[in-house]
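Me: I have a model open and would like to know what stands behind the words used for it. Could you take me through them?

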Number of protein chains: 4
Amino acid sequence: MIIILRHDASEQDAQEILQKIDAAGLKPLHMPGSERTVIGALGDERVLESLHLENLPQVDLVKPVLSKYKLVSREIYAQDTVVQVGNTPVGSEQFTIMAGPCAIESEDQLLETARYVKQAGATVLRGGAFKPRTSPYSFQGLGVEGLKIMHQVGKETGLDTITELMDVNDLDDVARYISAIQIGARNMQNYTLLKAVGETQKPVLLKRGLSATIEELLLAAEYIVASGNPNVMICERGIRTFETATRNTLDLNAVAFIKERSHLPVIVDPSHGTGVRTLVSPMAKAAVACGADGVIIECHRSPKESVSDAAQALSPQDFHTLMQQLAPFVTASGRTLAEVAYAS
Amino acid sequence: MIIILRHDASEQDAQEILQKIDAAGLKPLHMPGSERTVIGALGDERVLESLHLENLPQVDLVKPVLSKYKLVSREIYAQDTVVQVGNTPVGSEQFTIMAGPCAIESEDQLLETARYVKQAGATVLRGGAFKPRTSPYSFQGLGVEGLKIMHQVGKETGLDTITELMDVNDLDDVARYISAIQIGARNMQNYTLLKAVGETQKPVLLKRGLSATIEELLLAAEYIVASGNPNVMICERGIRTFETATRNTLDLNAVAFIKERSHLPVIVDPSHGTGVRTLVSPMAKAAVACGADGVIIECHRSPKESVSDAAQALSPQDFHTLMQQLAPFVTASGRTLAEVAYAS
Amino acid sequence: MIIILRHDASEQDAQEILQKIDAAGLKPLHMPGSERTVIGALGDERVLESLHLENLPQVDLVKPVLSKYKLVSREIYAQDTVVQVGNTPVGSEQFTIMAGPCAIESEDQLLETARYVKQAGATVLRGGAFKPRTSPYSFQGLGVEGLKIMHQVGKETGLDTITELMDVNDLDDVARYISAIQIGARNMQNYTLLKAVGETQKPVLLKRGLSATIEELLLAAEYIVASGNPNVMICERGIRTFETATRNTLDLNAVAFIKERSHLPVIVDPSHGTGVRTLVSPMAKAAVACGADGVIIECHRSPKESVSDAAQALSPQDFHTLMQQLAPFVTASGRTLAEVAYAS
Amino acid sequence: MIIILRHDASEQDAQEILQKIDAAGLKPLHMPGSERTVIGALGDERVLESLHLENLPQVDLVKPVLSKYKLVSREIYAQDTVVQVGNTPVGSEQFTIMAGPCAIESEDQLLETARYVKQAGATVLRGGAFKPRTSPYSFQGLGVEGLKIMHQVGKETGLDTITELMDVNDLDDVARYISAIQIGARNMQNYTLLKAVGETQKPVLLKRGLSATIEELLLAAEYIVASGNPNVMICERGIRTFETATRNTLDLNAVAFIKERSHLPVIVDPSHGTGVRTLVSPMAKAAVACGADGVIIECHRSPKESVSDAAQALSPQDFHTLMQQLAPFVTASGRTLAEVAYAS
C-alpha cells in the first residue's frame, strides 16, 4: 500500500503513520520527496485496510497495490474455469450459444422459438419469467408460471435453460426449474441476491451493471464465489455512455481485459449491448474474435409481436443467418460450435 | 406518439400502421415527407405501447410525446409535496438537515455524533445498519442490532432517523425502529424493494443510481407511489462520469430540473456526491441555492476512526462550521433552518 | 420536423406556429392530443431550421426527423467509397494495415520500424511529426524535419504514409511530403482545420473525438466533404467513459453502425482504443469481425525506448504475431491482406 | 514516483529498475511485497518521466505522485489571481457578470442587448463573431465585421468585451477590437491556439472541453501560462455525461475543486451548462454559492429571433429577474456586484 501525504504534512505526521504501520506488524517504508512525502507499507493489504489511514487529515491519497478481488483472479487460478450449464460446458473449447425471447409469453411461443434456435445451433434457451421494467406500467413477466413453461420446453427440446432471478424469495423456484440463474445488470450490486445465489451450486450468469467498472464487476463475482459457489459466468452487456445512437455501448475491451485477469468464462450479449437488430450479428462476430466464450442472443418467433425489447430481437430467419455468419469466425478463433441436431 | 418510417418504407407500409392506430381507437395522422414518412397517433399513449409499433421492420423510430411518469409529475399535482419524517417536514419552507455517520458502529459512537449534529442544527439522524459494500471483504454493518441502537439514540436525542434498507426481509425491522427508509443508489431499480416499500406508508428517501437518468429516477419513484405510498423524497447523490478527481459528479442540474417537473421534495447528498471532505461545504451551499429541500451529510465524531467512507466524513467541528456557512444561503433562498436546541 | 408544445400552450399558440410553417412554404399538420399538442411540418427541414421554432416559449421540443449529414450518408450514395492512400485502396476488398511508431524520433528509428511492419504486411506507415500533448512539458515532435524523414522512409520502403496535422499553417508541408493526413481526436471539431483539408484532395483520416457522438463524427466528415474533398476515412479510436481499466473504451458498435449509415471507409485504432499492449491483438481481430476496413497500430522497434505512448506500442515481434493471428479472421470476413513483400 | 511491477517480475527485474533510477541521480526505494514488488523513486519526477519506466514489460503501472501542472497550482502561488478584463477585476471580491447573445447578428441587436444587460448589472459583454457549429450548414458568424460591431458597442456602453477565437489567423483582429479572448470547449486542447494566446498578454477565458478532466483543463491553462501569459480564467460550462434531460451536466464539483487547487479565477456558464432557459437562474445561484468568481450568461433582446442556441437564451426581462434573484446569494457569499449604472 502506498500512502501519499499532503504537501504541508510534517515529519511528525510521517512518523505517526510509520509507527502505525509498524505496530500492525507490517514493514513501513519512508520516502521523503522534494515536494511530497510518500510512505509504503509492505505486507497483507487487508490488515492495512483496517488502519483506515485514508482518514488521517495529513493523508492525500492511499493507493492499494493489489486489486481487491482474489478468488476470481488468474493470480490464484491460472487455467480457464469451465462452468457446466446442464450439458453445455461454458468456457470450454466449444463456443456457447444462448438464445431465446426477452420474455416468456406462452408455452406455444417459447416452444416454437426454442425449436428454431436449437435447429440453428443454440444449446441454452434464455427467456425471462420475472422482468425488471423501468416503468411500473410495463409487462412484468409470467412469474413462476413462466418457470414451469421453461422447464417443460427445456425437457421437450433438450435445451439447457437460463432465466433471471430478481428476488431472493424466488430462488428455490428458479433453482428447481431452470439450469442456470441470471443476475441482471440492475442487480449486479444487490448483495442480498449475490450472497443467496452464492450459497447454492447453481451456475450463475452475472451481468455487468450499466455503470459498473470491470473491478466492481469482478468484485460482485467475488461475492458469489466467496459465498461458496464457484460456478460463475461473467456477462458483458453494454455500458452506459454519452452515445445514444445505440442503446448501450458494448465494451469488448472489457472482454479481452477480463479474460486476461480472471479465469471465469465471459459471455457477450450483443442484443442489449447494441439494442439495434442489425448490429447484433457484427457484434456477435466481434465477440468471438476478441475471445469471448459465448454469446446470448434475443430471438423471437415473431419479433413484431414481442411484448418487450422487440427492436433488438432477431427473427428465426435472422438468427439462422447470424449462426451461418458466425461459424467461420468461430473456426478462425480455434473453437467449435455444438453439433446442430436437426431433430428435437 | 410519433412514428418515423425507414427511408425505404412504402406507401403500403404507412397504410398498415395507420390502420393499426385507427383500430386501437386512436386518431392516426399521415405525414408523407420528401425523404421520410412520419405518422402521428393521437390519444392515450399507453394503449399505443401495447401495439409495439417499434417492432415493425419498416419503422425506424417511435418517439413517445409524453414522459412516462405521471403520479410524481407536476402536471398531475402542481404544489410541492411535504413528506413528514417524524417531526421534520421535508419539502416545506424549513430547509432539512440530515446528518450522521456512514455506518452505525456502536451506541456510544452514534449517540455522541447525534448530540453534536443536533446541537449544530440537524433534525434527522442518518446512519447505516446494513451496508452495501463493493468488496465482500469489507465491514457489512451491525444489522438489526444497529437499528435498535439508532432507535434508542433517536429517543434520547429527539432526532428523527433514517437508514438504508437493502433486503425486503428486513423491512419490518426497519419500519419498526426507524422514521424513514433510504433506498440506496445500487438498489434504485431493485423493483422488489421498491414495491415492498410502496406498500407501506413510511417516508422513503430514494437515491439516484450511479448511472440513472432523471427519467429513470422519477420512474423508480413512480413505482413506489403507484404501489400506494406517496411519501417519497428524491435524493441526488452524484452520478458516474469520466471525471475521477471527485468520487462522483454531483448533478445539481438534476435538482433544478426535478423541482420543475415533479412535486416531490429533493435532498442533496454532497458527501457521496463529491467524496472529498473539503468540497462538502461548498456543494451543500450550492444545493441550497439551486432549490434543494435539504441536504444529507456524513459526520463522524472522529473521522480518523470511521470504518467506512472516512475521506468524506466531517468532524463535529467541520459540521458546525458548515452549518454556520450554510445559514446565510438558506436565508437568501427564503427558507429557514430548524431552531437549534442547545440541550439534548 | 416534429414540434411538441408545452402542456399549457393554447390553441392560439398552435395556430401561430402552423401559420409560420405555412408561410415558409411547407405543409403544416395539427395534432392536438389529450395532454399535449404536437405539430408536424412536411418539407425541406433546412428551411424550417431558419424559422427557429425552438425559440418560442410555448414550444417544449423540436425534433428533426432526418439526420443532419447528407453527403456522407448511404441515402445519397449506397456503395462503399474506396479512398486511395498512395497505392493502398482503403475501403476495398483488401483489409488495410497501417502501422508505425507514435512519434517519429529519428530516421534510423522510423526506417527500422517501417521495414519490420512492411515485412509483416502493413502497407501504410504511421508516425507523428506534430504531437498533441496534454502537458506542455512533454515532447512535442520533430515538426517539418519529421515530415522529411517520413517522406524519405516512405520512398525507401515503398510504404504509403500518414501523419497528423494540427495547424493549418503546416498543411502545405504535410501535403507535400505525406500520402494522407490524419485529423486527431482533439481536433475533430476544429472547423478551421476541417475546412482547410476539405479544400485539398488529400486523403483524410478523421479520428473520433473522445466524447463525440457518431452523429457529430459524421457531421465533422460532412464538413470536409462539403468543402470539396470526398476522400475521407473515419477512425474509431475509443471514447471516454467511466471505465478506467482501459485508457479508452473502444466503441465497435460505432463501426457497425457507421458502416450501415455511411459509405465512407472505417479504420479502427486498437492501440489508443485500449491503451494496453496485450489488448491490441484481440481488439484488432474484433475490428475485422465487426466490419472495419482496416486497423492502425502503434509499433516501435523498441517499445522500451519509445518517447510516448509506450504502454500500448507493440514490438516488431508482437506485431508479427498480431498479423498472424489476424489473418484467419480477415479470411473469415471474406477479405484479403496485401501480399507480404519480403524485400524492401 | 511509484512503480508497481507485474506479479511475475523477478528480483533481477527490480534490480534493473532500481539501477536506472539511481543512475538518473534519484533515490531508489525497494519494497518487495508478498504478492507484488513496488519501487519508489525520490526526486524531481520530470527527470523520471524521461526514463519511460512504463515501457518496461515487467512494469504494471507507474503512478506519478504529483499533479503535472505547476504554474497554475496554489502550491506555487497561494493567493487568488485577479485577471483584469478592461475595467472588470475577475477573481476579486466583486462577482463578475458577463452576458450577451450567443452570436453577434447586427449592431442594432448587439447594442440593444448590451444596454439591457448593462442596466441589469453586467460589466462584460459576450457575443460570438466566429461560431463553431456542429453542422457545416449552420450560421458561422459575421467574422471580423462582428468584431468591429462589438468594439463599437463596447465603446458606446462602457462594457468590457469578450469573444471566441477559433483560428490563430484571427488573433490580431480579436486582440485589437476585444477586451478578452475566449477559447471554446472544442478547442481546449488545440495547442496551436493555446500557445498563440499564451504569447499575448490578453486575458483568456479557457472553457473546459466536453470530456476534459479537471487535470486536463488545468494542463491546458498551464500551456497558456507557460507560454508567458498569466491572465487566464477557467470556465466550467458543463461536461458530457449519459444524462440527456439537460444539454450538458454542469459540474460544480469542479468549481469547488479548482478553487482549492488553483489560484486562477473560475467562471461558470449555466447557459451552456444546462441548455435549458428555466435552469439558468438556479444554476447561476448555485455557482455563486459554491465559490465561482463569476457567471457568463446568454441573453438576447428577443430570444424568439436568435439565430443560435435560443433554447437557453434569456430575454432582457428574464435576465433582469435573474440578477435580482442572484443578488442575495452574492451577498451571502461575502461578495458584491458591480454598481448598476442606469445610464449608458
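Reply: Gladly! Domain bounds come from an automatic or database domain assignment. Here that assignment splits chain A into domain 1 (2–63) and domain 2 (83–333), and the centres of the two, taken over C-alpha atoms, are 45 Å apart. This is a predicted model, where local features need pLDDT of at least 70, side-chain atom pairs count only at pLDDT 80 or more, and totals for chains, interfaces and linings use all residues. Residues are numbered from 1 along each chain as its sequence is written, chains are lettered from A and ligands numbered from 1 in the order in which they are written, and side-chain values use heavy atoms, with hydrogens and water left out.

Me: Why is Thr163(C) called buried?

Reply: Buried means under 20% relative accessible area, exposed over 50%, and partly exposed in between (1.4 Å probe, protein chains only). Thr163(C) has 1%, so the word buried applies.

Me: What makes the pair of Gly127(C) and Thr163(C) a polar contact?

Reply: A polar contact is a pair of N or O atoms within 3.5 Å; within protein, one must be able to donate a hydrogen and the other to accept it, and residues adjacent in sequence count only if both atoms are side-chain atoms. The backbone oxygen of Gly127(C) is 2.6 Å from a polar atom of the Thr163(C) side chain, and that distance fits the limit of 3.5 Å.

Me: How do you know that Glu243(A) and Arg208(C) form a salt bridge?

Reply: The rule asks for a side-chain nitrogen of Lys or Arg within 4 Å of a carboxyl oxygen of Asp or Glu. For Glu243(A) and Arg208(C) the closest N and O atoms are 2.7 Å apart, so the pair qualifies. Two salt bridges are found across the interface of chain A and chain C.

Me: And what makes Glu216(A) and Arg240(B) a salt bridge?

Reply: Their closest N and O atoms are 2.7 Å apart, so the 4 Å rule is met. The count between chain A and chain B is two salt bridges.

Me: What is meant by the area buried between chain A and chain B?

Reply: Buried area is the accessible area (1.4 Å probe) that two parts lose on being put together, summed over both. For chain A and chain B this comes to about 3800 Å², with 48% on carbon and sulfur atoms. In chain A, Asn55(A), Tyr137(A) and Lys304(A) lose the most area to chain B, together 18% of what that side buries. Chain A and chain C bury about 2800 Å², of which carbon and sulfur atoms give 69%.
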